[in-house]
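The following paragraphs walk through a structure by way of its side-chain contacts, its helix packing and its strand pairing. Please keep the model open while reading.

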Amino acid sequence: MHLLAILCTIGLLVTMNLLPMAPPQTTSERTQIEVRLVQQPKPPPTETVAIIVENAIYSSVSSSVAQFRQDLNNTGYNTILYTQVFSNHVELKGNLTSWYNTYTNFVGAVLIGRLPYAQYWHPANASYGWIAQTFICDVYLMDLDGLWWDINPTDGIYDKHNATGSADVYPEIFVGRIDPQCLTWGTVAGNINTYLGRVHSYRTGGVQRQSRALTYIDDDWVPWADGTYDNWPAWLNTPYPTRTDVHTPSTWTNATDWLNNRIIQDYQWAHLCAHSSPTTHFFGPSGIGEGTVTSAQIVATTSTINFYNLFCCSGADWSVADNLAVSYLFDGSHTVGIVGTTKTGGMLDGDYFYNPLANQNTLGESLIQWMSYVFNNPSGDAGDFWLEWYYGMNIVGDPFLTINYDCTVLTPVISSPTHPNPSLGYNNTKPQFTWTIPPDVNGIAGYYYILNNQSTTSPTPATGTYTTTNSYQTTTALANGTYYFHVVAKDNVGNIGSAAHFKVNIIVTPTTPFNLFDLLTNPLVLLLILAIIVIIILCAVLLRRRSK
């Protein structure tokens, strides 16, 4: 660990041209290919999230934000849209805390535009080779019950983080930022609109890449890639068994290969380990000798990879003009999410991030699960080493994304206001049915339904009746018997889900039709008729006697 810290410090010195050059190395590439495991779809969330938009730009991005919000609603989230002005990061955190305490399962937020941020300072640490740094710290917004101190000096920059009592220093929620303000090309609103359109396309299958990953680990981290100290590429085994691992000495990592070959290939995920500044990657031993890649070159090339994890010092410091992570995100034709750091350091113990990601957790959920592991001192002060290594970690882009989108249309739930209990019989011969509208990232277009006497029928476009409403009223009276109503949902891109079924029992008391023959042949009726005839005759006799 000490050596890793020293290497990152060396990377900072590289940017000042204080270290000597080293000759390049050339070798071949190793590709690891395995059978891709089928991921079980995660149930739609019943969680609340916040979409916070900078007030000054909201009118220019409102349509894109509306689509983004609808996509989240269709995925199953409850959403809060907030566009009021925040005076500072304390007020922003106050809102996040209030929502966390008010809404059941409030899990995270996305910040669109330039919104307030906290800064943290840590001193130099000679034991680990750290220099003193002040950096943006979004962990402040994520840990809602820990204590953050500004004491040495009191200058608006935090320098201590701890927790007391039942509180902890773990993040309760996640945040991600969609903020292109640092870019010197395009407009803030235009870049946001373009990005949100790409995110919508990703969610609906438009810009997804093959389910495979690239690990690209430069010279100084080879012992952590080849098994000497660790096996960083293996972190990705669960989500990406199909993977290309590139690292020296078995392969040659260099600027030209990364820029002109790797970032334009069909990968869903790229994990890059390279010495960096906020705007430049430096390749080679100590970051020297194998070329550089600038954010301007990345923009000129246009990345086609969906996601990046940048183990690159300050590679995700989105406050610096033309920052690397921001350039990858907003220029990439397929890029939708970046994980990186605003300071020296990066992600270690990465399997605690990638395993949740493989289990259909979002970028944000996976990041806080990782943080809950590496922030391994919940009741005391934030430990020196991991504070300095991890506290700049953040998400640039939509934190609600997952690496697998299951387009299966969910099954509606049927009920009947006229025949509510399938176990009972009812004398209403015209049952009514209603059903829920299942959440769906593509939106529900309509339904196919059938009413018959079979319990397991599945309607199809050929056999079912199509409707765009989620209710049906029988118009023709049904005879006594047991009936089943079946319905499937269809989304806006044509996917059809599994059938839901609902049983109704109709039991009407039968009436006997009038039959004159049966009436006249009934002995009791005959006796009654005979008695009436006798009475009539007697009456007639009496009337005749009186008339005499």
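In this predicted model, a convenient place to begin is Leu96, which touches Ile52, Phe106, Ala109, Leu141, Leu144, Ile173 and Val175 once residues up to four places away in sequence are left out of the count. Leu96 and Ile52 both belong to the largest nonpolar core, a set of 117 residues, where they are listed with Trp258, Trp269 and Phe353 as the residues having the most contacts inside it. Apart from this core lies another one, made up of 15 residues, including Tyr483, Phe485, Val487 and Ile506.

Phe353 leads on to a pair of helices, since its name returns in their contact. Helix α9 (residues 351-358) packs against helix α10 (residues 363-374) at an angle of about 145°, the two axes being 8 Å apart, and their crossing is right-handed. On the α9 side the contact is made by Tyr352, Phe353, Pro356 and Leu357, while α10 contributes Leu363, Ser366, Leu367, Gln369, Trp370 and Tyr373. By residue class, this contact of α9 with α10 comprises eight nonpolar residues and two polar ones, with no charged residue taking part.

The strands offer a further view. Five of them form an open sheet with mixed pairing, in the order β20-β26-β25-β22-β23. Because β20 (425-426) and β23 (465-467) stand at the edges with a single partner strand each, one side of each is left without a neighbour in the sheet. Within the sheet, strand β25 (residues 481-491) and strand β26 (residues 500-506) run antiparallel and are joined by seven bridges; in one of the pairings, His486 has His501 of β26 as its bridge partner.

Definitions and conventions
Residues are numbered from 1 along each chain as its sequence is written. This is a predicted model: local features need pLDDT of at least 70, side-chain atom pairs count only at pLDDT 80 or more; totals for chains, interfaces and linings use all residues. Side-chain values use heavy atoms; hydrogens and water are left out. Axes are lines fitted to C-alpha atoms, for helices over the stretch in contact, and angles run from 0 to 180 degrees between N-to-C directions. Helices (H or I, at least four residues) and strands (E, at least two) are DSSP runs, numbered from the N terminus. A crossing is left-handed if the near helix is turned anticlockwise from the far one by less than a right angle, and right-handed if clockwise. Contact means heavy atoms within 4.5 Å. Ala, Val, Leu, Ile, Met, Phe, Trp, Tyr, Cys and Pro count as nonpolar, Asp, Glu, Lys and Arg as charged, and the others, Gly among them, as polar. A nonpolar core is a set of buried Ala, Val, Leu, Ile, Met, Phe, Trp, Tyr and Cys residues joined through side-chain atoms within 4.5 Å. Buried means under 20% relative accessible area, exposed over 50%, partly exposed in between (1.4 Å probe, protein chains only). Two strands pair if DSSP finds at least two bridges between them.
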